[in-house]
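Dear colleague,

Please find below the structure that I am handing over to you. My findings are set out after it.

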Amino acid sequence: MFKTLTTLLLAALVLMLIGAGVVYFGIVNVAADTPHSAPIRALLETARERSIAVRAKGIEVPDLSDPELIRSGAGNYDAMCAICHLAPGVESTELSKSLNPAPPDLTAEHRKRDAAHDFWIVKHGIKATGMPAWGQSMEDHYIWGLIALLEQLPALTAMDYQALVATSGGHQHGGGETHMATENPVRTDAQHHEGGRPAEEHHPAQPAPTNLHRHADGTNHPH
């Protein structure tokens, strides 16, 4: 018995030393442009899905067919989510192409929809994926608005989506709102203002550049 226990302890120590060596010598490549190996990806995806499933169990889903709830979700989705998760008529953005793991295309018809599962993700986020915990600044009612929109999103045309965003009231979720620049051409009147004046106003001596490129952090530079 003692010999067996000693062998197990030595084996554990060896594994710990190997793990420490892998970390110390930088063997693990953390570059976002290098995908995980298939076994690691499968392990991470399984761990993620089981973690969410366990924690989302018991979440009570409200009526998500309320048109006003869907409309509210459209404004927030366009401001906060479309840059990564796309919108009807938008096939890719800088962020959707550059993140690893790639953010899911929430407009896809085949996407598995689970309202409680989606609510938990939006509220709590997911570590090391780029998915924020919007519940830090967003009230539950507005999160459910996003989920209501997600339920409808795969069936919406680009025109349907644009109409919802235009009548949504824009980016509003109960506190902590900031302007989120996206590549989505859909914008409400309020979102066309920067610094308290319309975006189309420019000093006569400094005409607006026609090839301005906007990044996700709100900065601009010409190409």
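The notes that follow go from the whole chain to two places where helices pack.

Please bear in mind that this is a predicted model. The chain has 223 residues, of which 31% count as buried. Its secondary structure consists of eight helices and four strands, and the order from the N terminus is α-α-α-α-α-α-α-α-β-β-β-β. Among contacts with a separation of 6 or more, 63% are between residues 24 or more positions apart. The exposed area is about 14400 Å², with 60% supplied by carbon and sulfur atoms.

The first place concerns H3 and H7. Two packed helices are described by the angle between their axes and the distance between the axes. Here the axes of H3 and H7 come within 7 Å and cross at roughly 95 degrees. Since angles of 65 to 115 degrees count as roughly perpendicular, H3 and H7 are therefore roughly perpendicular to each other. H3 contributes residues including Leu69, Ile70 and Tyr77 to the contact, and H7 contributes Trp144, Leu146 and Leu149, among others. By class, this contact has 10 nonpolar, six polar and no charged residues.

The second place is helix H8, residues 158-166, where Tyr161, Leu164 and Val165 are buried. These residues lie on the same side of H8, because they cover an arc of only 95 degrees around the axis. Met159 and Ala166, on the other side of H8, are exposed. The cover over the buried residues of H8 includes helix H3 (67-80), helix H4 (82-85) and helix H7 (140-152).

With kind regards

Methods:
Residues are numbered from 1 along each chain as its sequence is written. This is a predicted model: local features need pLDDT of at least 70, side-chain atom pairs count only at pLDDT 80 or more; totals for chains, interfaces and linings use all residues. Side-chain values use heavy atoms; hydrogens and water are left out. Buried means under 20% relative accessible area, exposed over 50%, partly exposed in between (1.4 Å probe, protein chains only). Helices (H or I, at least four residues) and strands (E, at least two) are DSSP runs, numbered from the N terminus. The arc is that of the directions from the helix axis to the C-beta atoms. Contact means heavy atoms within 4.5 Å. Accessible areas come from the Shrake-Rupley method with a 1.4 Å probe; for residues, only the protein chains shown count as cover. Axes are lines fitted to C-alpha atoms, for helices over the stretch in contact, and angles run from 0 to 180 degrees between N-to-C directions. Angles under 35 degrees count as roughly parallel, over 145 as roughly antiparallel, 65 to 115 as roughly perpendicular and the rest as oblique. Ala, Val, Leu, Ile, Met, Phe, Trp, Tyr, Cys and Pro count as nonpolar, Asp, Glu, Lys and Arg as charged, and the others, Gly among them, as polar.
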